[in-house]
Amino acid sequence: MQFLHWIKQSIGSTSLGNQPEEFFMHLARFPRVFLAHLSTPLEPMERLSKELGVEIWIKRDDCTGMSTGGNKTRKLEFLMAEALDQGADMVMTQGATQTNHGRQTAAFAAKLGLKCHILLEDRTGYQDGNYNTNGNVLLDHLHGATTQKFPAGHDMPGEMERAAEAKRAEGHKVYVIPGGGSNPTGALGYVNAAFELLGQANDRGLKFDRLVHATGSSGTQAGLVTGLCAMNAQLPVLGIGTRAPMEKQENMVFDLACRTAEKLGCPGVVQRSDVMANTDYVGEGYGLPTKSGLEAIKMFAELEGILLDPCYSAKGAAGLIDLARKGAFYGERIVFLHTGGAAALGGYDFAFDFSRNWVTL
C-alpha cells in the first residue's frame, strides 16, 4: 500500500474519485522488464519560453535509454515482458521506413536475447540513400534485426500476421507487436508515465495547465489520458497529430484508452471529451517533413540544445510553437512530452541546407 499512500499524499485523497484502492497497485500485477531509464527529467525550457511568451517545461522521454531512447521504450517494458511470459523467441513488428518503434524493439530484443523481424512500409516514396539505409534503419540492423520492405498502401497488420505464420512454420515462437506498440499492454507504459509526471510536478510544486505531445498510433496519448483521468489529475492532454485526420485520430485514442482502462480494472474512467487532438500540422502525410516541423527542430536545437525528429516529435513541437504564437496557451504553464526520435535525423539530411537557413522544402 506504499504506492497508494504516495498517491494520497501527492494528489490528495479526495482526488481519488471512486476508484478502488486496488487500482493504484494494479500496474505491478502486469509483467514488466525494467530496462528504461526512469524517471525521465522534467526541465524548464527557459529560452524557448522567452521566445514564445509562454512558460514551457519538457518531459524528456527522449532519455528513456535503449538505443537513444524514445516513447516506445516505456511501452516495450510491458510488451516484451508479455512476450517472454508467452515463451517467445522472436518478436515481430511493423512501421514506416524510419520507424522509431522498430529501432527500440530491435534494441530490446538484442538485450533480452530474442530475434527481431521488422516489416518496413515505404510511406514517403523517398529514394534517398540515407533515408532508406541510415538513421533508424542502420540501427535496426546494428541490433541484429532483420527487415522486410513493402510499398505504401499495404495491409501491414495482415502482412505481419502472414510473416509471423511463416516464421512459426520455421519453428519460431513469434510474439507480434502492433505498429507503435499501441495496444492496451503497451499503453500501460504511459499510464505509468502519467503517475511519474504527476509525482514530479507535485514534488516541485508545479501546477501544469496542459500537456502537449505528438500523437500517431495512439498508445502514448491513450495511456496518458487513462492514467491522468484515473487520478483525477485535471490535466488536459492535447495530442498534435502526425498522421490521421482529427476525428479518426481522436477516435483511435479514445478506443484504446477505453480498452486500457478495462485492462486496468477501471472501465468508464475516460470520457470522449477527455480526448483532444489537433491535426493541423500533419502536412502532406506521415513521415513527410514540413516547414513548421523543420523550424521547430531549429528552434529546439538552437535555443535548448534538444534534438527532434522530422517525422514525429518535430510536428508535435510545431503545433506547440504555432499555438503559443497564436495565444492559445496565454497565461498557462505547459509541459511538452518529448517522444524522442532524433536517431532518424540521419535519414532526413536531404531536408536541411545550412547554407540557406536550414530548410530545403
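# The annotated lysine and its surroundings

According to the UniProt record, an unreviewed entry, the feature "modified residue: N6-(pyridoxal phosphate)lysine" falls at K72; UniProt positions are given here in the numbering used for this chain, feature names are shortened, and annotations may be inferred rather than shown by experiment. The structure is a predicted model, in which local features need pLDDT of at least 70 and side-chain atom pairs count only at pLDDT 80 or more, while totals for chains, interfaces and linings use all residues. Residues are numbered from 1 along each chain as its sequence is written, and side-chain values use heavy atoms, with hydrogens and water left out.

K72 is part of helix α3, which covers residues 72–85; helices (H or I, at least four residues) and strands (E, at least two) are DSSP runs, numbered from the N terminus. K72 has a relative accessibility of 7% and therefore counts as buried, where buried means under 20% relative accessible area, exposed means over 50%, and partly exposed lies in between, using a 1.4 Å probe and protein chains only. If neighbours within four places in sequence are left aside, K72 is in contact with N100, H101, Q104, G180 and S217, and contact here means heavy atoms within 4.5 Å.

Q94, in strand β3 (residues 90–96), also touches H101 and G180, and its other contacts include L119, R123, M156 and I177, again not counting residues up to four places away in sequence. With a relative accessible area of 9%, Q94 is buried.

## The annotated domain and its cores

The UniProt annotation "domain: Tryptophan synthase beta chain-like PALP", from an unreviewed entry, covers residues 35–340. Over residues 35–340 the chain is 45% helix and 17% strand, and the C-alpha atoms at the two ends are 16 Å apart.

A nonpolar core is a set of buried Ala, Val, Leu, Ile, Met, Phe, Trp, Tyr and Cys residues joined through side-chain atoms within 4.5 Å. The largest such core has 36 residues, and within this core F208, L211 and L228 touch the most other members. Two or more residues of this core come from each of α8 (184–203), α9 (219–230), α10 (246–264) and β10 (333–338), and α8 gives the largest share, 9 residues. L228 is in contact with A194, L198, L211, A233, L235 and V237, once its neighbours within four places in sequence are left aside. A second, separate core has 31 residues, among them M299, A314, I334 and F352.

Two packed helices are described by the angle between their axes and the distance between the axes. Helices α8 and α10 pack at an angle of about 85°, with their axes 9 Å apart; axes are lines fitted to C-alpha atoms, for helices over the stretch in contact, and angles run from 0 to 180 degrees between N-to-C directions. The angle makes α8 roughly perpendicular to α10, since angles under 35 degrees count as roughly parallel, over 145 as roughly antiparallel, 65 to 115 as roughly perpendicular and the rest as oblique. On the α8 side the contact is made by P184, T185, A187, L188 and V191, and on the α10 side by L256, R259, T260, K263 and L264.

## Loops and backbone details

The peptide bond from L38 to S39 is cis, with omega near 0°, and S39 sits in the loop between α1 (2–11) and β1 (42–44). The table sets out two residues other than glycine that have a positive phi.

| Residue | Phi | Loop | Relative accessible area |
|---|---|---|---|
| S218 | near 95° | between β7 (210–215) and α9 | 5%, buried |
| N232 | near 55° | between α9 and β8 (237–241) | 34%, partly exposed |

Y312 lies in the loop between α11 (291–304) and α12 (313–325) and is buried, with a relative accessible area of 6%. Leaving aside neighbours within four places in sequence, Y312 is in contact with N71, A214, T215, G216, T242 and T339.

## Cysteines

A disulfide is a covalent bond between the sulfur atoms of two cysteines. Here a disulfide is counted as a pair of cysteine sulfur atoms within 2.5 Å, and by this rule the count comes to 0 disulfides. The sulfur of C63 is 19 Å from the closest cysteine sulfur, in C311, which is too far for a bond, and the sulfur of C311 is 18 Å from its closest cysteine sulfur, in C116, again too far for a bond. C63 is partly exposed, with a relative accessible area of 29%, whereas C311, at 7% relative accessibility, counts as buried.
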